[in-house]
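Thanks for asking me to look through this one with you. Here are my notes as numbered points, so that you can follow along with the model open beside you.

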Amino acid sequence: IQQPTDDRWRLHSDNQESHIASFYFAPLSPTHSFNATVQIRGVPADFATKQEFKEFVDTRLREHGSRFEELSFTSTLTELNGEWAATYELRYLDKNPVNSSTPLFITIKGFMYLHPYWKKRVIDAFYSERGTEAELDGTLDPVGQELIDGTSPEMS
């Protein structure tokens, strides 16, 4: 992962592992947060077709607890680093946020693609923003996109 150019990014040291890199902005308001994660995930099997891969991604991404209500979901099949990939956008309503007496919105935007060097692994890179409807105006999207676009697989 390339070093982010925006100096508001902080490494979330409690969430770092050999297969997870997690970043955050200091809270932008009592209700407004911005985070990014790049991780390597295992998958249950090799996929025979691109559509089978996309169905796995769609199912995996739409798993959530009862606290969250899905408002929208889109995904698009593509290729990244020469591998099958899906870009995605989700929007949720957090019906019971810890930091607010009223529900907050969450947007998650990212991509998942087959790891080119490790079998039965994907790279999942995404950024998320939580806040009131007015706080989620899209101005941080370029900052989040730049961070996740700085992800590239390497042999280890």
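1. Trp-118 sits in the loop that links β6 and β7. With a relative accessible area of 35%, Trp-118 falls between the 20% and 50% limits and therefore counts as partly exposed. How far apart in space are Trp-118 and Phe-25, C-alpha to C-alpha? The answer is 31 Å, for two residues that are 93 apart in sequence. Please keep in mind here and below that this is a predicted model.

2. The loop between β6 (104-114) and β7 (121-131) also holds Lys-120. Lys-120 is not a glycine, yet its phi is positive, at about 55°. Its relative accessible area of 39% makes Lys-120 partly exposed. As background for you, most residues other than glycine have a negative phi.

3. Asn-81 is worth a look alongside Lys-120. Asn-81 has a positive phi of about 50°, and again the residue is not a glycine. Where is Asn-81 found? Its place is the loop between β4 (68-80) and β5 (83-94). A relative accessible area of 45% puts Asn-81 in the partly exposed class.

4. Stepping back to the overall layout, the protein has 2 helices and 7 strands. Along the sequence, the elements come in the order β-β-β-α-β-β-β-β-α. Among contacts between residues at least 6 apart in sequence, 55% join residues at least 24 apart.

5. On overall dimensions, the C-alpha atoms fill a box of roughly 45 × 30 × 25 Å along the principal axes. Why does the radius of gyration agree with a compact globule? For 156 residues, such a globule would have a value near 15 Å, and the protein has 16 Å, so the two agree.

6. Now the surface and the interior. Buried residues account for 44% of the 156 residues. The accessible surface comes to about 8800 Å², and carbon and sulfur atoms contribute 49% of that. As for charge, the protein carries 15 positive and 24 negative charges, and the mean positions of the two sets are 4 Å apart.

7. The aromatic residues deserve your time. The structure holds 9 aromatic pairs. One of them joins Phe-47 and Phe-53 in an edge-to-face arrangement, with 5.5 Å from centre to centre and 70° between the planes. Are the two partners buried or exposed? Phe-47 has 16% relative accessibility, which is under the 20% limit, so Phe-47 counts as buried. Phe-53 is buried too, with a relative accessible area of 0%.

8. Which residues make up the aromatic cluster that includes Trp-9? Trp-9 is joined there by Phe-23, Phe-25, Phe-34 and Tyr-127. Phe-25 is a name you have met already, in the 31 Å separation from Trp-118.

9. Ala-26 lies in the loop between β2 (20-24) and β3 (33-42). At 46% relative accessibility, Ala-26 is partly exposed. Ala-26 and Arg-8 are 18 residues apart in sequence, and their C-alpha atoms are 7.3 Å apart in space.

10. Near the start of the numbering, I would check Asp-7 and Leu-11. Asp-7 belongs to the segment before β1. Its 63% relative accessibility is over the 50% limit, so Asp-7 counts as exposed. The C-alpha atoms of Asp-7 and Ile-123 are separated by 24 Å, with their positions 116 residues apart along the chain.

11. Leu-11 is part of strand β1, which covers residues 10-11. Is Leu-11 buried or exposed? At 51% relative accessibility, Leu-11 counts as exposed, because the limit for that class is over 50%. Leu-11 and Leu-147 are 136 residues apart along the chain, and 12 Å separates their C-alpha atoms.

Conventions. Residues are numbered from 1 along each chain as its sequence is written. This is a predicted model: local features need pLDDT of at least 70, side-chain atom pairs count only at pLDDT 80 or more; totals for chains, interfaces and linings use all residues. Side-chain values use heavy atoms; hydrogens and water are left out. Helices (H or I, at least four residues) and strands (E, at least two) are DSSP runs, numbered from the N terminus. The radius of gyration is taken over C-alpha atoms; the globule rule is 2.2 Å times the number of residues to the power 0.38. Buried means under 20% relative accessible area, exposed over 50%, partly exposed in between (1.4 Å probe, protein chains only). Contact means heavy atoms within 4.5 Å. Accessible areas come from the Shrake-Rupley method with a 1.4 Å probe; for residues, only the protein chains shown count as cover. Lys and Arg count as positive and Asp and Glu as negative; His and the chain ends are not counted. The place of a charge is taken as NZ of Lys, CZ of Arg, CG of Asp or CD of Glu. Rings of Phe, Tyr and Trp (its six-membered ring) pair if their centres lie within 6.5 Å; planes under 30 degrees apart count as stacked, over 60 as edge-to-face and the rest as tilted.
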